[in-house]
Amino acid sequence: MKKLVLLVSSVILLCSCEDKPTLQKYFVENTESSKFIAIDLAPNIIKTDKVALSETEKAALESFEKMNILAFRTDSTNTSGYETEIKEVKAILKDESYQQLMKAGSGNDGAAIYFVGADDEHIEEFVVLAGKKENGFAVVRVLGNDMNPTHIMNMLTLLQKSNVDLEQLKPLQQLMK
């Protein structure tokens, strides 16, 4: 009887696991690839010890857990790689769990912002996809708890008025060359 229960449980577990592509899987699969630059940023990138924070800025900072950046750099040897990779990311972002908040530009040149959450006041993840065929593209995942668009705007303000730990951003300099 125990073996039967174990067998049934295993079958249910295996059948319930979805093997659809996700942004998390895409990041994990490409983090170590030489074609990509990957950076993980913690909230301590924003140095607020010398800055007086408003209550809304404190709330924004508290909602922020981490940021993951994955960038694909285009050069003369991998122009077809750009098309393949950006199509894969866009296909993932078409999943119903990602809701588009904003889009700018057209075709493969431009940017789009998506979010994952119950609604726009309880966001778990913001995703920014920005690219230009000549340079490459970057996918930025901002992870947190109960974020909202106002929190993101406050985070941008904090980035401007605080001392940012630029050492954590050094790998992105390769993309800008």
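This report walks through a predicted model of one protein chain, from its overall make-up down to a few single residues.

## The chain as a whole

Let's start with the big picture. The chain has 177 residues, and 36% of them count as buried. Its secondary structure comes to six helices and eight strands. If you read from the N terminus, the elements come in the order α-α-β-β-α-β-α-β-β-β-β-α-β-α.

How much of this chain is held together by contacts between residues far apart in sequence? Taking the contacts with a separation of 6 or more, 63% join residues 24 or more positions apart. As for the outside, the accessible surface is about 11,100 Å², and carbon and sulfur atoms make up 56% of that.

## Helix H5 and its two sides

Now have a look at helix H5, which covers residues 149–161. H5 is 13 residues long and spans 19 Å from its first C-alpha to its last, close to the 18 Å you'd expect at 1.5 Å a residue. Right at the start of H5, Asn-148 puts a side-chain oxygen within 2.9 Å of the backbone nitrogen of Thr-150.

Which residues of H5 are buried? They are His-151, Ile-152, Asn-154, Met-155 and Leu-158. These residues sit on the same side of H5, because they cover an arc of only 160° around the axis. On the face turned away from that buried side you'll find the exposed residues Met-153 and Gln-160. The cover over the buried residues of H5 includes strand S2 (46–47), helix H3 (55–63), strand S3 (64–73), strand S6 (123–132) and strand S7 (136–147).

## Two residues of H5 up close

Asn-154 belongs to H5. Is Asn-154 buried or exposed? Its relative accessibility is 14%, so Asn-154 counts as buried, given that the cut-off for buried is under 20%. Once you set aside the neighbours within four places in sequence, Asn-154 is in contact with Thr-56 and Ala-60.

Leu-156 is in H5 too. With a relative accessible area of 44%, Leu-156 is partly exposed. Leu-156 and Ala-60 are 96 residues apart in sequence, while their C-alpha atoms are 10.0 Å apart in space.

## Helix H3

H3 can be read in a similar way. Its buried residues are Glu-57, Ala-60, Leu-61 and Ser-63. Looking down the axis of H3, you'd see these buried residues fall within an arc of 165°, so they line one face of the helix. Over on the other side of H3, Glu-55 and Glu-62 are exposed.

What covers the buried residues of H3? The cover includes S2, S3, S7 and H5. Remember that H3 is also among the elements covering the buried residues of H5.

## The nonpolar cores

Time to look inside. The largest nonpolar core has 21 residues, and the ones that touch the most other members are Leu-41, Ile-46, Met-67, Ile-69, Phe-126, Val-142 and Met-155. Strand S1 (36–41), H3, S3, S6, S7 and H5 each supply at least two residues of this core.

Apart from that core lies another one, of 19 residues. Among its members are Leu-23, Phe-72, Phe-137 and Val-139.

## A buried polar residue in S3

Asn-68 has its place in strand S3. With a relative accessible area of 6%, Asn-68 is buried. What does its side chain make a polar contact with? The partner is the side chain of Asp-40, at 2.5 Å. Leaving out residues up to four places away in sequence, Asn-68 touches Phe-27, Ile-39, Asp-40, Val-139, Val-140, Arg-141 and Leu-143.

## Two more spots to find

Asp-146 is in strand S7, and its relative accessibility of 49% makes it partly exposed. Here's something to look for in its backbone: Asp-146 has a positive phi of about 50° although it is not a glycine. For background, most residues other than glycine have a negative phi.

Finally, find Asn-44 in the loop between S1 and S2. Asn-44 counts as partly exposed, at 44% relative accessibility. Asn-44 and Lys-66 are 22 residues apart in sequence and 9.2 Å apart in space, going from C-alpha to C-alpha.

Note on methods. Residues numbered from 1 in each chain as written. Predicted model: local features only at pLDDT ≥ 70, side-chain atom pairs only at ≥ 80, totals over all residues. Heavy atoms only, no water. Helix = DSSP H or I, 4+ residues; strand = E, 2+ residues; numbered from the N terminus. Buried < 20%, exposed > 50% of the residue type's maximum accessible area, 1.4 Å probe, protein only. Contact = heavy atoms within 4.5 Å. Areas by Shrake-Rupley, 256 points an atom, 1.4 Å probe, with all protein chains shown as cover. Expected span 1.5 Å × (residues − 1). Arc of directions from axis to C-beta. Polar contact = N/O pair within 3.5 Å; in protein donor to acceptor, adjacent residues only side chain to side chain. Core = buried A, V, L, I, M, F, W, Y, C linked by side-chain atoms within 4.5 Å.
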